[in-house]
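Below are some comments on the aromatic contacts, one surface patch and the strand pairing. They are meant to be read beside the coordinates.

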Amino acid sequence: ADGSGLVKAAPDGMELDEGAVEQQQQQQVEQQPDLQQQVQEQQQPAEVLQQQQHAELLKCRYPHVPAFLSYIRNRRLVTFRRLDDPKEPGLQLELLQDDDYDTVTAALAGKLGAADASQLRLTQHNAYSNMPQRTPMKYRGVAALHQMLQHANHATDTLYYELLDMPLQQLEQLKSLRVHFHNDKTEFVAEHVVRLPRDSSVADVLKDMSSRLGADYAGRQLRLLEVYHSKIYKVNEPDEEIVNMNENYWLIRAEPVPADEAPPLPPGHRLIHVYHISSPKPDAAAAAAAGAAAAAANNGAALPDGSV
């Protein structure tokens, strides 16, 4: 047999030894597994390399061309700022405009290192004032990111966030009121956030406030007012429900009831609202000119400048 594994023919006149032929065939059979193993060993590195490349590809965020092109088309760079500091530079996240509420809050929680994304509350941007809108978003109240970044048909790239001390869904079951407390001298003392069930009354708010004010106001009667631009518009009755109170429009103010206003009032007495206006003292020359103009108008005479 030669190196190719073929059995050479015997020269003319010579007969092949049957034992030698069988030996050659046996050697060929024994050599075949070795050849197959060599071929497999040569093919194995290529297969392993292909498998490794495929595994690395699957680790990519967008391993296929259509998904990558969709990402390029839908990506949005969003700036998140704290609601209590809306002018800060904030932080930026790259999101997709079709991301839902849970995806957006989860991404923000991861960036902030917050343990629970449900304790984040988002507020949309006001395109006219360049400030946060007055009312925050409700839990899952906006379906997708591109809707969060819209205001009055204007596209924005900013959202504002708060870190709450309880899940937003639980907080929305309560009524939150920012109550400004003023002392007996009508001086502002502090702001308190009161959270009560939505069916609570004004009396429940005042009871909660009394528990916060300490011994100085123990046993004092309090009242709850709705104020706008320093003018009292309403004194809320104790049995009124708080669910419809709009703290975004009115300033909710609590104060002690002065002794001379505490009920019951004497017979024939009633309270009226008084609006105090502080105006600057008029300039003497301007007052004199105005008086001369009024007198001239009444008499039909010419004014000092010649006009009538």
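1. A residue is called buried under 20% relative accessible area, exposed over 50%, and partly exposed in between. By that scale Y228, at 29%, is partly exposed. The model is predicted, and the values in this note are computed from it.

2. The search of the whole structure returns eight aromatic pairs. One of them is F181 with Y217: the ring centres are 5.0 Å apart and the planes meet at 85°, so this is an edge-to-face pair, the cut-off for that class being over 60 degrees. F181 belongs to strand β8 (residues 174-182), while Y217 sits in the loop between α6 (202-213) and β10 (222-228). With their positions 36 residues apart in the numbering, the pair links distant parts of the chain. Both partners are covered: F181 is buried at 1% relative accessible area, and Y217 is buried at 15%.

3. What is the geometry of the pair Y228 and Y249? Its ring centres are also 5.0 Å apart, but the planes are at 10°, so the pair is stacked. Y228 lies in strand β10 and Y249 in the loop between β11 (231-236) and β12 (251-256); they are 21 residues apart, and this pair too links distant parts of the chain. Y249 is partly exposed, with a relative accessible area of 41%.

4. Y228 and Y249 do not stand alone: ring pairs join them with Y233 and W250 into a cluster. In addition, K231 lies over the face of Y233, 5.2 Å from the ring centre.

5. Strand β8, which carries F181, has two pairing partners to note. With strand β9 (residues 188-197) the pairing is antiparallel and runs over nine bridges; within it, R178 is bridged to V193 of β9. Five residues separate the two strands of this hairpin, and T186 takes a positive phi near 65° there.

6. With β12, strand β8 runs parallel, and three bridges join the two. Here V179 has I252 of β12 as its bridge partner. As a general point, side chains in a regular strand alternate between the two faces of the sheet.

7. Elsewhere, a nonpolar patch on the surface is made up of V65, F68, L69 and I72, with about 380 Å² of accessible area together. V65 is in helix α2 (residues 65-74). Is V65 buried or exposed? Its relative accessibility is 59%, so V65 counts as exposed.

Methods: Residues numbered from 1 in each chain as written. Predicted model: local features only at pLDDT ≥ 70, side-chain atom pairs only at ≥ 80, totals over all residues. Heavy atoms only, no water. Phe/Tyr/Trp six-rings, centres within 6.5 Å; stacked < 30°, edge-to-face > 60°. Helix = DSSP H or I, 4+ residues; strand = E, 2+ residues; numbered from the N terminus. Buried < 20%, exposed > 50% of the residue type's maximum accessible area, 1.4 Å probe, protein only. Lys NZ or Arg CZ within 6 Å of the ring centre and 35° of its normal. Patch = residues over 30% accessible without salt bridge, like charges linked within 9 Å, V, L, I, M, F, W, Y side chains within 5 Å. Areas by Shrake-Rupley, 256 points an atom, 1.4 Å probe, with all protein chains shown as cover. Salt bridge = Lys/Arg side-chain N within 4 Å of Asp/Glu carboxyl O. Pairing = 2+ DSSP bridges.
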